[in-house]
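User: Hello! I would like a close look at one part of this protein, with the surroundings filled in where they help.

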Amino acid sequence: MNNLKALLILFCFSTFWSFAQEKFTISGHISDSSSNESLIGVNIIIAELNTGTTTNEYGFYSITLPKGIYNIEISFLGFKEIDKNIDLLEDRVLNFQLSEAIESLDEVVITKNVERTNIRKPQMSVNALSSNTIKQIPVVLGEADVIKSIILLPGITSAGEGSSGFNVRGGAADQNLILLDEAIIFNSSHLFGFFSVFNPDAIKDLKLYKGGIPSRYGGRVSSVLDIYQKEGNSKKFHGNGGIGAVASRLLLEGPLKKDEGSFLLGGRSSYAHLFLPLFDIDNIAYFYDLNTKLSYKLNQKNNIYLSGYFGRDVFRIADSFENSYGNAVFNFRWNHLFSDKLFSNLSVIYSDYYYDLKLNFVEFDWISGIQNFNLKYDLRHYLSDKLELQYGLNSIYYKFNPGEIEPTTETSGINSFKLTDKFAFENAIYLDAEHKLSDKLTASYGLRFSSFWRLGQNELNIYQDDNPVTFNTDLQIYEKAEPISTESYKRSEIIKSFYNLEPRASVSYLLTDFSSVKVSYNRMSQYLHLLSNTSSPTPLDVWAPSGKYIEPQILDQFAIGYFKNFKNIDYSIEIESFYKKIKNRIDYIDSADLIANNAIEQVILNGEAKAYGLEFLLRKNEGRFKGWLAYTLSRSEQRTPGRTSEELGINNGNWYKTPYDKTHDISFTGNFDLNQKWSLNTNFLFQTGQPVTYPNGQYEYNGITVPSFGQRNEFRLPAYHRLDLSAKYTPKGNKERSWKSHWVFSVYNVYNRRNAASITFRQDRNTGANEALRLSIFGVIPSVSYNFKF
């Protein structure tokens with residue numbers, strides 16, 4: 001009994017002492033000493049207390065500690081570490097500027113403290129790449145590419161060469177939320193997938209969340225690709241660029257007012273089409289884009305940013321066909337520091353995706369697009385060294401233009417026609433907490449409450465029993481239902497509303513200082529749907545909002561992983577397993593027509609999807625050789641069962657492989673610093689072939705041969721694989737010159753693998769025999785590019 005009393009007294013005393021201790025806050029900003037560019041994810045470590053924090057998206061940090069003397073360690077990828085001793089007797093504002101490590105040849109250099117922090121943090125299923133890493137990876141035609149680079153990471157695939165978008169953990173391309181300076185990008189590709197819209201010279205930070213996604217993100221169910229542009233150099237004028245075989249780029253940055261304001265202006269354009277007339281080719285295919293950003297520090301507590309992106313693609317075949325499409329985004333942001341513990345950011349964003357198709361041979365112009373206006377207010381509250389909160393709200397107004405036709409001449413015989421515009425309003429409030437529960441256990445948990453209002457429109461179809469798709473029991477097929485009437489609504493009216501709670505949670509348990517186990521769960525809702533019957537998005541695809549006949553997609557995902565650093569932190573290994581299930585995944589009835597369809601609800605059904613797999617990533621982080629080996633074993637399926645016992649459902653209601661199912665996905669990326677002049681780079685990629693539906697027989701009807709088909713996606717294209725090589729040459733004495741340059745020589749698809757983009761079937765006109773026709777896009781492609789900075 002006396003022992004129990006003693007323990008209670010000791011517990012009460014220790015609790016009182018922990019609260020009675022005087023505590024003070026250290027806060028500030030951390031930036032690059034050469035440019036004043038704020039640095040994201042810098043580690044601030046307090047070794048005496050075995051605690052620390054990191055800078056946010058704007059380089060701000062805050063940590064509250066008991067009164068005392070401490071050694072602060074500041075470390076970041078590719079920069080010299082700073083150690084500073086402080087006697088903490090009051091709240092302190094400490095701003096740091098880091099210098100780039102002289103011997104660092106790329107930003108993948110990882111220090112001891114960085115890895116310890118990553119091992120401890122509960123965040124899992126996230127991959128990050130620096131701009132320098134992206135530029136080192138060999139790609140087609142020698143142009144550094146963000147999307148092609150992330151495909152080399154585990155759990156991420158694409159539909160193949162010349163395909164746009166990317167697929168994460170067996171999900172569709174429209175299930176990825178792509179953000180550029182917080183603005184939504186609806187099409188991430190140039191030239192139908194050959195290049196991405198992101199200029200690597202303008203990128204400061206890139207993170208891809210595949211699972212355990214924080215509650216500040218929402219609106220998609222597979223992943224979040226969050227990209228931030230550089231702010232610009234506020235110390236001195238600087239420029240860099242490159243000249244390649246098919247495209248060139250130039251980026252300029254400098255101070256508006258030294259140490260207070262900066263600008264960034266970057267442009268990129270392809271020009272291969274300029275040489276086509278030399279070969280009597282009257283076709284055109286090119287792209288261009290523009291990145292801009294203005295940053296200004298009003299005072300110690302307020303910063304403002306104005307950023308933008310504008311891109312266009314133009315594709316023309318002689319005088320008969322012309323296609324142009326692209327994104328435009330503008331963003332105003334205001335950072336405000338309420339106190340040394342409370343940071344806020346207000347964003348006002350406009351985003352537009354535009355598509356234009358001119359068919360001169362039939363004399364009409366087809367235009368479609370989607371616009372949104374986005375208001376975000378986010379706050380980060382550093383309550384203590386053990387608890388940090390993020391909370392905020394987000395409202396997005398959408399206008400969808402599914403398409404309109406305008407005659408291009410008075411004699412075309414085409415009447416003007418417009419599909420009904422659609423409008424929607426998406427709102428969310430969220431709360432995230434990162435909580436250090438003990439020296440070994442850290443948790444991140446949060447909740448997002450989202451709502452979606454389908455707003456009024458003209459002529460909404462009304463169907464018998466609210467069923468736009470009927471089942472013909474005699475023919476055993478799905479058919480379009482005929483509307484019984486139409487209704488028109490005022491813009492202010494709500495046709496249909498949806499409300500969803502989206503809990504998120506992840507936990508990290510430290511096994512040793514160099515290894516941990518993590519688990520995560522997240523629920524997410526997606527209210528927008530990309531209507532496409534191809535395996536990868538095309539510019540002609542149309543986005544549609546949830547509403548009276550289309551339900552939002554709902555995801556539940558679980559993941560567990562083991563993370564370890566070894567060999568003196570030179571190597572790291574990540575092993576993750578995931579399972580996710582999606583409700584209300586859209587599927588299409590047979591012979592669905594998606595283009596220029598003003599009643600799209602007549603050809604779609606709500607089904608379900610699931611994906612599960614195992615991911616493995618081995619990294620070599622330091623030394624002359626750096627790189628990674630990634631392997632993913634996974635399965636992705638979907639099903640649309642019959643709504644009643646009489647209906648067959650899609651594919652007889654059976655599970656079938658999605659077009660994004662890649663059983664095996666292996667990639668290897670390596671960089672070897674041969675000497676001060678030469679570095680060698682390589683990557684190898686192998687993916688199981690894409691699931692496809694082939695005819696399994698044929699029959700004759702009135703003298704016409706008609707193919708018959710079996711189960712959906714029961715066959716596959718041949719496996720996809722290729723090897724790429726590149727060499728970077730830096731002239732001697734380059735470091736001492738004001739004009740620095742290097743050459744990159746690369747070979748894409750070294751052994752000339754003719755990977756199948758598609759396989760079609762036809763009948764030989766001479767013999768009458770059936771034959772398969774295999775379409776390949778790229779063989780071996782050598783290229784050279786010249787890159788410079790000044």
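User: Which side chain meets K121 in a salt bridge, and what are the N to O details? Please take me through that contact closely, then on to other salt bridges and a strand.

Analyst: Happy to. Please keep in mind that this is a predicted model. The partner of K121 is E434, and their side chains meet in a salt bridge at 3.2 Å, N to O. K121 lies in the loop between α2 (112–120) and β9 (126–128), while E434 belongs to strand β28 (residues 422–436), so the contact ties together parts that are 313 residues apart in sequence. As for solvent, K121 is partly exposed, with a relative accessible area of 23%. E434 is also partly exposed, with a value of 29%.

This contact is one of 40 salt bridges counted in the model. Another pairs K418 with D421, where the closest N and O atoms are 2.7 Å apart. Here K418 is partly exposed at 38% relative accessibility, whereas D421 has a relative accessible area of 16% and is buried, because the cut-off for buried is under 20%.

A further salt bridge joins E608 and R639, with 2.5 Å between the closest N and O atoms. This pair links distant parts of the chain, since E608 sits in strand β40 (residues 604–620) and R639 in strand β41 (residues 625–639), 31 residues apart. E608 counts as buried at 16% relative accessibility, and R639 is partly exposed at 25%. Elsewhere, E57, R216, R380 and E388 are joined into one network by salt bridges that share partners.

Now for the strand. β17 covers residues 223–229, and 7 of its 7 residues are buried. Its two faces are both covered: S223, L225, I227 and Q229 are buried on one side, and V224, D226 and Y228 are buried on the other. β17 also has strand partners. Strand β12 (residues 176–180) runs parallel to β17, and 5 bridges join the two. Within that pairing, L179 stands opposite D226, a residue from the face that also holds V224 and Y228. Strand β16 (residues 203–209) pairs with β17 in the antiparallel sense, over 6 bridges. There, L206 has I227 as its bridge partner, and I227 belongs to the face with S223, L225 and Q229.

To come back to your starting point, the contact between K121 and E434 is a salt bridge of 3.2 Å, N to O, with partly exposed K121 and partly exposed E434 as its two ends.

Note on methods: Residues are numbered from 1 along each chain as its sequence is written. This is a predicted model: local features need pLDDT of at least 70, side-chain atom pairs count only at pLDDT 80 or more; totals for chains, interfaces and linings use all residues. Side-chain values use heavy atoms; hydrogens and water are left out. Buried means under 20% relative accessible area, exposed over 50%, partly exposed in between (1.4 Å probe, protein chains only). Helices (H or I, at least four residues) and strands (E, at least two) are DSSP runs, numbered from the N terminus. Two strands pair if DSSP finds at least two bridges between them. A salt bridge is a side-chain nitrogen of Lys or Arg within 4 Å of a carboxyl oxygen of Asp or Glu.
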